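Here's a quick briefing to read with the model open beside you. We'll go from the place where the chains meet to the strands, and then to the charged pairs.

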Amino acid sequence: MELHQLTIHELQKLIRSKEVNSSEIVKSVFKRIDAVEGSVHAYITLMKEHAFEEAAKADRCIREGNIRALTGIPVALKDIVCTKGFLTTCGSRILHNFIPPYDATVVDKLKEAGAVFTGKTNMDEFAMGSSTETSYFGITKNPWALDRIPGGSSGGSAAAVAADECIASIGSDTGGSIRQPAALCGVVGMKPTYGRVSRYGLIAFASSLDQIGPFTKDVEDCAIMMNVIAGHDPRESTSVPLDVPDYTAFLSRGIDSFKVGIPKEYFIEGIDPEITEAMRGAMKAIEGLGATCVEISLPHTEYCLAVYYIIAPAEASSNLARYDGVKYGFRADDCKGLLDMYKKTRSAGFGAEVKRRIMIGTYALSSGYYDAYYKKASQVRALIKRDFEEAWKHCDVILTPTTPTPAFKIGEKMDDPLQMYLSDIFTISTNLAGIPGISVPCGFTRQGLPIGAQFLAGHFEEGKLIQIGAAFEKHANAKQRRPNL
Amino acid sequence: MKITKEEVEYVAHLARLDFSEEEKVKFTSQLNDILMYMDKLNEADTAGIEPMSHAIALQNAFREDTVKDSLSHELSLSNAPEARGPFFRVPKVIE
């Protein structure tokens, strides 16, 4: 085994016993990046020089015995979190030259824990997409099949972990943007409860849905990352002032008395038969671990996609109004007056999918249409949340497929936005209800493409997800296989 | 038709976007497809349901109004496409 192939907890053991230091780990990771980045393209910006400097500092801490939760561990950041002094593009031409003057809270917390940043990962432009094909900086490939998409929008962060181009990474999830690429790349991805992780310094897409979370090689690493990034932030008014449990304490609890809800509305026509088969296997495995599977109903599931594609674009159209070529980022040349500058800058700075969503959102919020679209969607959103509240009376966690199909081919859905939107069909309700969700590897298709199982729990019950994820993962033992790069 | 080419032009203006003729035609057709799909929501009975804007019960987050460090002029202007002195520079607004 090479160092870049190991997990956080495996590397921590080697660091504590002084068998390896951070510089050696960082060297191994960058050697791997040199070898495979040309074919995967997981990163927009590499922070190689900075990483070696930070590794040297970590090594001093290790020698002094000052070892924190992530001391010396190489972590990649989605290019949507602001990094002081380092390019932060959000995958867009309009921010192609933006160097934030401050760090996001999640970046602060990771630094405080001793993490070493490897770089900023590729993503769909402004996190709008399910395939990482809308990035201004080129396409990321799925490490398991280079002619396929890695999922999105955090496709670079998922691919970087799957290809061992970092040990763990940070993503953001507005409608599935962590869990969907985690499933398609065969890694673990968690979207925490809305308000659990501070969004300060996260470039906003849809503020009532956005949440930051980790990508890791296993569930234990997910618990370690959550311990670092969760918690209240006085700089972020929607972050929740609740105590954060030690998530690693849930790893070995088992799921003996768990009731696992299987929503009948999620096993619909159009799911790939191999995914259905994998889900049946997952249910069997869970029952083998002592839990009981019970059928539940989430009756408003069929409306989730329509609700999401009104609310998210509406919030985005407002959030993205700030990109006007005045204070930062791209500005178009040869402008005749201010209005002309706004229009030329935004038209040349945003890509097609971002413009499409700004248009949907602006239309849905415009005079005469507000009640029919935004208000109606907000009402149905309340019903979707109520569905989950009802479900928790009958089960502890819910199991669903993370995605309806395995990774699709590059270019396959680019000309059909609705088909692209359908790839988020199982992940969107989580964001609308604000609950946490995790995607855990659940086997492979016969073609060798990863499949993900999604577990959902009530608000602030990430611990239960760690608990069932860890038990399930041990059983599935999916870690054995690696992409052949 | 849910949305006409003229409406697309109007919404584009509200959103401060410009489209070529070709783009307008493509967007009108794509937005129509998407808005037709949204019609599904009319099947849901929402009589008496309060619209929901946030998933978690939020209270106002108040704090004492104290002086803290803030960004310097230099740092604030460091990303500006054009700046002069302590100001962002834009094309002439008033003729």
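A salt bridge here is a side-chain nitrogen of Lys or Arg within 4 Å of a carboxyl oxygen of Asp or Glu. By that rule, E82(B) forms a salt bridge with R331(A), the closest N and O atoms being 3.1 Å apart. Keep in mind that this is a predicted model. That pair crosses between chains, so let's begin there: E82(B) sits in the loop between α3 (73-76) and β1 (83-84) of chain B, and R331(A) in the loop between α9 and α10 of chain A.**Where chain A meets chain B**

- On the chain A side, 64 residues are in contact with 52 residues of chain B.
- K343(A), M359(A) and Y363(A) are the chain A residues that lose the most area to chain B, together 13% of what that side buries.
- The area buried between the two chains comes to about 5200 Å², and carbon and sulfur atoms give 69% of that area.
- Between chain A and chain B, the count is 2 salt bridges, and one of them is the R331(A) and E82(B) pair.
- Polar contacts turn up here too, with 19 residue pairs across the interface of chain A and chain B (both residues at pLDDT 80 or more).
- Which elements of chain A give two or more residues to the side that touches chain B? They are α9 (304-319), α10 (337-349), α11 (352-365), α12 (371-391), α13 (417-422) and α14 (428-433).
- α12(A) gives the most to that side, with 12 residues.
- Sort the chain A residues that touch chain B by type and you get 35 nonpolar, 16 polar and 13 charged.

**The two ends of the cross-chain pair**

- R331(A) counts as buried, at 14% relative accessibility.
- E82(B) is partly exposed, with a relative accessibility of 34%.

**Strand β10 of chain A and its partners**

- β10(A) covers residues 437-444, and 6 of its 8 residues are buried.
- One partner is strand β5 (residues 188-191) of chain A, which pairs with β10(A) in the antiparallel sense over 3 bridges.
- To find that pairing in the model, look for K191(A), which stands opposite G437(A) in β10(A).
- Strand β11 (residues 450-456) of chain A also pairs with β10(A), again antiparallel, over 6 bridges.
- Here I438(A) has F455(A) in β11(A) as its bridge partner.
- The hairpin of β10(A) and β11(A) has 5 residues between the strands, and in this hairpin G448(A) takes a positive phi near 90°.

**Strand β6 of chain A and its partners**

- How many of the 6 residues of β6(A) are buried? The count is 6, and the strand spans residues 211-216.
- β6(A) runs antiparallel to strand β4 (residues 168-173) of chain A, and 5 bridges join them.
- Within β6(A), G213(A) stands opposite G171(A).
- β5(A), already met as a partner of β10(A), is joined to β6(A) by 2 bridges, also antiparallel.
- V188(A) has T216(A) in β6(A) as its bridge partner.

**A buried glutamate in a loop**

- E236(A) lies in the loop between α7 (219-229) and β7 (259-263) of chain A.
- Is E236(A) buried or exposed? E236(A) is buried, with a relative accessible area of 7%.
- Leaving aside residues up to four places away in sequence, E236(A) touches V197(A), S198(A), R199(A) and Y200(A).

**Salt bridges elsewhere**

- Over all chains, the whole structure has 27 salt bridges.
- D79(A) forms one with K120(A), and their closest N and O atoms are 3.0 Å apart.
- D79(A) lies in the loop between β2 (74-78) and α4 (105-112) of chain A, while K120(A) is in strand β3 (residues 116-121), so this pair ties together parts that are 41 residues apart in sequence.
- D79(A) is buried, at 0% relative accessibility, and K120(A) is buried as well, with a relative accessible area of 0%.
- In chain B, E43(B) forms a salt bridge with K40(B), the closest N and O atoms being 4.0 Å apart.
- E43(B) is exposed at 53% relative accessibility, whereas K40(B) is partly exposed, with a relative accessible area of 22%.
- Also in chain B, a network of salt bridges links K5(B), E9(B), E21(B) and K24(B).

Definitions and conventions. Residues numbered from 1 in each chain as written. Chains lettered and ligands numbered in written order. Predicted model: local features only at pLDDT ≥ 70, side-chain atom pairs only at ≥ 80, totals over all residues. Heavy atoms only, no water. Contact = heavy atoms within 4.5 Å. Buried area = accessible area lost by both parts, 1.4 Å probe. Polar contact = N/O pair within 3.5 Å; in protein donor to acceptor, adjacent residues only side chain to side chain. Helix = DSSP H or I, 4+ residues; strand = E, 2+ residues; numbered from the N terminus. Nonpolar A, V, L, I, M, F, W, Y, C, P; charged D, E, K, R; others polar. Buried < 20%, exposed > 50% of the residue type's maximum accessible area, 1.4 Å probe, protein only. Pairing = 2+ DSSP bridges.
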